[in-house]
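Morning, everyone. I have one structure to walk through today. Please have a look at it before I start.

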Amino acid sequence: MARIEGSELFDAEWYRATYVPDLSSSLAARHYLREGAARGMSPGPLFDGAWYLANNADVAEDGANPLLHYLVSGRTEGRPIRLACARDLGANRIEILPIVLRESTPARLVVVVHAFYVDVFEELLPHLVRALSRFDLLVSTDQPDKKAALEAAAERAGLAGGCRVVLVENRGRNFGPLVTVFAPDILRYDYVLHIHTKKSLFSGAEQTRWRDEIYRALFVNVACARLAVALLDEDPRIGLFFPETSKHIVYWAHTWLANIGAGYGLLDRLGLRYDGFDEYLDYPVGGMFWARVDALRPLLSAGLTPHDFPEEHGQTDGTLAHAIERAVPLVCRAQGYKAVCFDYDRGLARYDSSARNWHQYSARTQDQALQALCEVDLVSFDLFDTLVSRPARRPDAVLKLVEHRISSEAGRLIPLFAERRAAENRVRARRHHQGDVNLSEIYAELAASGPIPGDVVARAHALEKRIDLGALRPRAEVIAVLEAAHALGKRIVLMTDTYYEQADILDILRNAGIADLFAAIYVSNAVGARKDRGDLWRHVEEAEAVPRARWLHVGDNEHSDIQAACDRRISYLHVAHPAKILAQSGFVRDDGDLARTWPSDLVVGHAMLALGRNPFLGRAAAPYLSLGSTRDIGYAVFGPLMLLFMSWLIRHEALTGIDRLFFLAREGDFLVKVYRLVRERYGLEHLPEGRYFHVSRQTAIAAALGKGFCPDLVLGAGRYMGTIQGLLWNRTSFTAPAHLELDRFDVRLPGDAPVVERVMRQIEPEITAHAADMNARFRAYARQEKLEPGGSYGVVDVGYSATIQKMMQVALGQPLSGFYMTAFDTANAVARDGGCAFRCFDAGTENPETTSLPVLAHALAVEAFLTAPHGQVVGYETTGDRIEPLYKADPRMPAEHVILADLHAGAEQYITDTLDLYGASLLRAEIPLNGPQELLRMLMEGQIATSSEPMKALGVEDDFCGLPIHRVYAAR
């Protein structure tokens, strides 16, 4: 038992808390040995006994205790233990990584310690010696007597020969010495462990428990230290290893807070492009970590000096050191490495993400928010993104849209965004960055001194106000808190940092129906003070004369609202920005800066509000988001995707010269409706006419066979499983003579292709006659629909292999231009007959089962959404003077058609909501591809919950491949 209790893999407190809370920690080892192991209990978060037995049959056969076996012989034999890994934000998909913990590494290790407290240094040294077999030690401190004491401690620990203690200025705390004094030395090593001895972290209060948790995950627990080194040794892509944020730290510490200015300057100095200052980020909170030295090379080679850091005045935020702390993972990733955040309590390694303590926020309910009103007299509210929000992932995207629109009108690039910002900075500089400025002053400066003509400036000013103010949508759940405060008789005031003038603010409040609820309004440019600078807080406190203990502030901004209130010991209610709620729920934004991503930021805006408008999530664990109806799903999930595809289609240069667009197959029924909606509602009549063309792979192949008997047209159209009779019907609409009994012979394609070809050749005359008739009917239908010989036509489809286009080109004897949502390289085969195949999402040669492309990975969901309210086209018949399509019986129930109608109505509403607000010019912008797909991925992977039971009825029939109906949502 002593061996178990002394092992770094046995955690008595974890074991007790996890399995037997009423057990004394002193008895935990006994419980594990006597019954826990036999019941499959793990001795600690780092050792999974059941997994060890399952992967070591000899140990299981002997009936040995798994941990005891590992400690006695398994470790020296090099047997691996289990590490859980997650590569997604919510850790919803856990992978198992076998990993061997070794006593030594061929890598050169250096431990860098900023030792402010000698007693803590003396305590940590034995742990370092026990965890690491060979390392050098670099120590910094600020006083000569401390230096002497540290050197003596190192000598007692047997480290004198490999230890150097340096006196440093008290600047930059632990990061100052790391990136200045020690940087040249560190660059000679492979891995660095960076730690420090501070007792007061983040809040200024003593946080030894937090520090001890960090130490445990990095080196005090020997297994953790060896795990970190093993990951660095075995995966050259890993550049950083740091502990999960302690549960004692607030979730909003995972933002830049007051460090944005220092962060901009640092990243500019390092030459790193970064556009995520408005996002939550994953970093080693507390500033301690393992790193591959090469991953930090830009930071260590930047030439920073102690004088780049401010003198120490007990700052809790806003310094270069705080910016470096947050930038470490960014530097690592810029070097091409991944960061691993290690959650000791779960034995979980998260790649490029962390939990961020988000449960602290997500578990809150509106009822809890209302309860917070009871103990206060004054309630102050922020305005933008608190009471009202824009359907834009980033507000600056609206200004980029204005720039795009006036540039389009002028026929040249108008650098409105940059010049407007420069004009604002000039006005602020003239005022020595005191007070605040309003929008009229900014545009007046731009007109007076900028390179943009005055009339264009005036147009931009009016356009920005019209679009931006018109975009504001109330956050009903937050307004309910405001109304409750008013009903309770609380004094309510507004505090807002904005360039909009007081009259504009009053209009916003009136439009939201809440103007009469405010006793006072404090607008930054009217008061001449700002929240983010702190002086507006002072102004309101003096004006309202209320004790801070009786004041509650409600806002979204983690720095100017939440940190600022916290620093002043004012109660706060955080209502997170909808974009941050979306991101915390798993949404991955498009790569690049605002200049590239702004169209996507607008395209997903209404979906963001549909999902994240309500800030009171009431969920301690994912999924945090939900959609309540099929119409909501059509709106927020498929609406952005349809908008993206339509934008790609109408912007495509190959559309020039196209006489008419034909939307194919059953997916074309809804796609053509969307195309016509966009074309007609938003004045795009210059685009070619769009028509729904009734066709299927089945009828197209049959028509192509009519140009010449070629079994490969049938056999080369993909896999099939079923009877030969079924194959011929489902791929050519041909019914073989009954006496052949082809319904008795099962085949699989492509393996049985020779068998099927022999059968087809035996009945070639019958097939040829059927195909010739189908070809004549098909050509007549095409002429009727104005797909006539000699014209230049395009076809639009959801895509994949462009089978219908290939067959139509053969059947009609003319090339076509294909426009596909997504297509494989096999679609390029249309070029053999003079055609071309363009794709919005290029699938290349990807496997749909392993692809990272959501529209391909969840292609069946897209097909189920797009399918028409009729059965598959199986032929054509003459009715009077018209050729009409013949449909196979539709296996769907009427209720499924209602579901589809709701989905389609939601998607159409999304398109009109977005384009009515932002204008058709948004369609002419190049929209990045990832964001609008993300909502589909999140729905299908369970990051968006839905209570819509009818969705489970939706399916896709695949008789063409001989497969039954696939119920797309049934497993969710």
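Is Cys-163 buried or exposed? Cys-163 is buried, with a relative accessible area of 17%. The cut-off for buried is under 20%, so Cys-163 falls on the buried side. One reminder before we go on: this is a predicted model.

Let me stay with cysteines. How many disulfides does the search give? The count comes to zero. Take Cys-836 as a case. Cys-836 is in no disulfide. The nearest cysteine sulfur belongs to Cys-840, and that sulfur is 16 Å away. A disulfide needs the two sulfur atoms within 2.5 Å. As for burial, Cys-836 has 27% relative accessibility, so Cys-836 counts as partly exposed.

Now, where does Cys-836 sit? Cys-836 is in strand S25, opposite Ser-817. That brings us to the sheet.

The sheet is open and has five strands. The order is S20-S19-S23-S24-S25, and the pairing is parallel. Which strands are at the edges? They are strand S20, residues 689-693, and strand S25, residues 836-844. Each of these two pairs on one side only. On average, neighbouring strands in this sheet are turned by 20° against each other, direction ignored. Look at S24 next, residues 817-824. S24 pairs with S25 in the parallel sense, over seven bridges. As a general point, strands of a sheet pair through backbone hydrogen bonds, either parallel or antiparallel.

On to aromatics. A search of the whole structure finds 37 aromatic pairs. One of them is Phe-645 with Trp-648, and this pair is stacked. The ring centres are 5.7 Å apart, with 15° between the planes. Where are the two residues in the chain? Phe-645 and Trp-648 are both in helix H30, residues 630-651. They are three residues apart there, so about one helical turn separates them. Phe-645 is buried, at a relative accessible area of 0%. Trp-648 is buried too, at 12%.

Second pair: Phe-662 and Tyr-793. What kind of pair do Phe-662 and Tyr-793 make? The centres of the rings are 5.7 Å apart and the planes are at 70°, so this pair is edge-to-face. This pair links distant parts of the chain, 131 residues apart. Phe-662 is in strand S19, residues 660-664, and Tyr-793 is in strand S23, residues 793-800. You met both strands in the sheet order, where S19 is followed by S23. Phe-662 is buried, and so is Tyr-793. The two also belong to one aromatic cluster. Its other members are Phe-693, Phe-778, Tyr-781 and Tyr-876.

Two rings have a charge over them. The charged end of Lys-146 sits over the ring of Phe-116, 3.9 Å from its centre. Arg-697 lies over the face of Phe-960, at 3.9 Å from the ring centre.

Last topic: salt bridges. In general, side chains of opposite charge can pair when their charged atoms come close. Here the count comes to 77 salt bridges. I will show three.

Start with Arg-937 and Glu-934. Their side chains meet in a salt bridge, 2.8 Å from N to O. Both are in helix H41, residues 930-940, and they are three residues apart, so about one helical turn lies between them. Arg-937 is buried, at 12% relative accessibility. Glu-934 is buried as well, at 3%.

Next, Arg-211 with Asp-212. The closest N and O atoms of this salt bridge are 3.4 Å apart. Which partner is buried? Arg-211 is, with a relative accessible area of 5%. Asp-212 is partly exposed, at 40%.

Third, Arg-333 with Asp-352. This salt bridge has its closest N and O atoms 3.0 Å apart. The pair links distant parts of the chain, 19 residues apart. Arg-333 is in helix H15, residues 320-334. Asp-352 is in the loop between strand S10 and helix H16. Arg-333 is partly exposed, at 29%. Asp-352 is partly exposed too, at 28%.

One more item, and then I am done. A network of salt bridges links Arg-420, Glu-424, Arg-428, Asp-436, Glu-464, Asp-497, Arg-530 and Asp-532. Over to you for discussion.

Definitions and conventions: Residues numbered from 1 in each chain as written. Predicted model: local features only at pLDDT ≥ 70, side-chain atom pairs only at ≥ 80, totals over all residues. Heavy atoms only, no water. Phe/Tyr/Trp six-rings, centres within 6.5 Å; stacked < 30°, edge-to-face > 60°. Helix = DSSP H or I, 4+ residues; strand = E, 2+ residues; numbered from the N terminus. Buried < 20%, exposed > 50% of the residue type's maximum accessible area, 1.4 Å probe, protein only. Lys NZ or Arg CZ within 6 Å of the ring centre and 35° of its normal. Salt bridge = Lys/Arg side-chain N within 4 Å of Asp/Glu carboxyl O. Pairing = 2+ DSSP bridges. Axes fitted to C-alpha atoms, helices over the stretch in contact; angles between N-to-C directions.
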